[in-house]
2 protein chains.
Amino acid sequence: MLAPRSDLNLEFRTAMRRLAATVSVVSTFCGERRYGITVTSVTSLSIDPSSLVVCINRNTSVHGPIVSSQRFCISMLRENQSAVARTFSGGHNGAERFTSGDWLDGPMCVPYLRDAQANIFCCVEGSMPYASHTVFIGRVIDVRFREQIRPLLYCDGAYTALPAPARSGEQT
Amino acid sequence: MLAPRSDLNLEFRTAMRRLAATVSVVSTFCGERRYGITVTSVTSLSIDPSSLVVCINRNTSVHGPIVSSQRFCISMLRENQSAVARTFSGGHNGAERFTSGDWLDGPMCVPYLRDAQANIFCCVEGSMPYASHTVFIGRVIDVRFREQIRPLLYCDGAYTALPAPARSGEQT
């Protein structure tokens with residue numbers, strides 16, 4: 001039996017609090033300006049060609065610029081970069097956000113966070129609008145990463161991280 | 001400067017080892033048979049209507065049946081369900097996989113894992129093929145979840161989990 005729609009949306013939201021995800025900043029460059037927001041909606045797509053998916057709300061500051069520029073970078077955050085995550089999901093204006101963390105210009109002038117655990121530069125190769133969001137497919141054109149694997153996670157409405165050491169090994 | 005293509009694919013794969021993700025089984029029912037595979041490619045899309053995205057390799061056993069049946073369930077695994085994750089990504093045949101864990105028939109006969117931390121039943125509302133994979137948009141039609149928030153995670157090629165207690169709170 002289906003829940004009434006309002007209950008269903010609330011239940012879905014509650015269920016998705018259980019989906020822990022790595023926190024990233026998606027950034028772009030358009031009209032001589034930098035744009036960026038915090039997202040937890042990045043997932044791998046294919047390896048050959050290398051591609052990923054990111055879902056972005058159309059009401060965010062970065063959506064229009066990504067549609068216009070057709071390029072973006074995913075800066076996968078490390079566990080000690082929750083301040084960057086907060087800045088890029090908070091009330092600061094677009095350009096001001098980039099004072100949080102050490103941002104450089106990458107390929108096609110797209111900004112990237114120098115000490116992120118990984119930076120993945122993409123061109124948009126497909127998009128699918130749905131309700132409030134657009135699903136973007138990014139084809140990877142360049143990759144930079146650090147050896148350390150210590151992702152910043154978001155789960156149940158809070159930032160968290162894996163237990164130390166980074167790799168806890170197989171669960172039994 | 002762009003890396004040669006083969007290097008780029010390897011670097012992308014290495015970078016994505018840093019993207020910790022919650023482990024789920026995506027299951028469906030088609031032609032009187034159950035199908036399911038382990039995935040880490042589930043992400044939330046919109047809240048109203050409730051929807052999510054899952055990326056599925058076209059070579060997997062579940063791809064054709066999802067295209068045919070236009071329905072699936074995401075069973076988000078708990079930290080102690082890595083055996084289920086291994087079974088649904090291993091060499092067992094389709095139907096045999098469902099002997100690992102306590103699977104029941106949900107809406108539209110789609111199987112779901114009773115003690116998963118969440119079960120989200122979806123109808124396919126959109127799909128976008130890209131390279132080896134298809135990006136499916138699932139509109140949520142029913143949700144079941146447990147109170148406990150202890151997701152099974154996959155990072156750097158291994159199953160892992162959040163530190164106890166489940167919610168470690170804000171990082172500073």
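Here is a walk through a predicted model of two chains, A and B, from their interface to their salt bridges and cysteines.

Let's begin where the chains meet. On each side the count of residues in contact is 75, for chain A as for chain B. Putting the two together buries about 6800 Å², and carbon and sulfur atoms give 62% of that area. On the side of chain A that touches chain B, the residues divide into 37 nonpolar, 22 polar and 16 charged. Even with those charged residues on the chain A side, the rule finds 0 salt bridges across the interface. Polar contacts are another matter: 16 residue pairs between chain A and chain B make them, with both partners at pLDDT 80 or more.

For a close look at one such place, go to Ser50(A), in the loop between strand 4 (42-44) and strand 5 (51-57) of chain A. Its side chain makes a polar contact of 2.9 Å with the side chain of Asn9(B). Beyond its sequence neighbours within four places, Ser50(A) touches Gly138(A), Arg139(A) and Val140(A) from its own chain, and Leu8(B), Asn9(B) and Phe12(B) from the partner. Ser50(A) counts as buried because its relative accessibility is 3%, under the 20% limit.

Next come the salt bridges, of which the structure holds 14 over all chains. In one of them, Arg34(A) pairs with Asp105(A), with 3.1 Å between the closest N and O atoms. This pair links strand 3 (residues 33-39) to strand 7 (residues 103-105) of chain A, 71 residues apart. Arg34(A) is partly exposed at 24%, whereas Asp105(A) is exposed at 52%.

Also in chain A, Asp102(A) and Arg114(A) meet at 2.3 Å, N to O. Asp102(A) sits in the loop between helix 3 (82-87) and strand 7, and Arg114(A) in the loop between strand 8 (111-113) and strand 9 (118-130), 12 residues apart.

Chain B offers a further example: Arg17(B) and Asp156(B), with their closest N and O atoms 2.9 Å apart. Arg17(B) lies in the loop between helix 1 (5-16) and strand 1 (21-22), and Asp156(B) in the loop between strand 11 (152-155) and strand 12 (158-161), so the bridge ties together parts 139 residues apart in sequence. Here Arg17(B) is partly exposed at 36%, while Asp156(B) is buried at 14%.

Finally, why does the structure hold 0 disulfides? Take Cys155(A), which is buried at 4%: its closest cysteine sulfur, in Cys155(B), is 14 Å away, too far for a bond. Cys30(B) is likewise too far from its closest partner, Cys109(B), at 12 Å.

Notes. Residues numbered from 1 in each chain as written. Chains lettered and ligands numbered in written order. Predicted model: local features only at pLDDT ≥ 70, side-chain atom pairs only at ≥ 80, totals over all residues. Heavy atoms only, no water. Disulfide = S-S within 2.5 Å. Buried < 20%, exposed > 50% of the residue type's maximum accessible area, 1.4 Å probe, protein only. Contact = heavy atoms within 4.5 Å. Buried area = accessible area lost by both parts, 1.4 Å probe. Salt bridge = Lys/Arg side-chain N within 4 Å of Asp/Glu carboxyl O. Polar contact = N/O pair within 3.5 Å; in protein donor to acceptor, adjacent residues only side chain to side chain. Nonpolar A, V, L, I, M, F, W, Y, C, P; charged D, E, K, R; others polar. Helix = DSSP H or I, 4+ residues; strand = E, 2+ residues; numbered from the N terminus.
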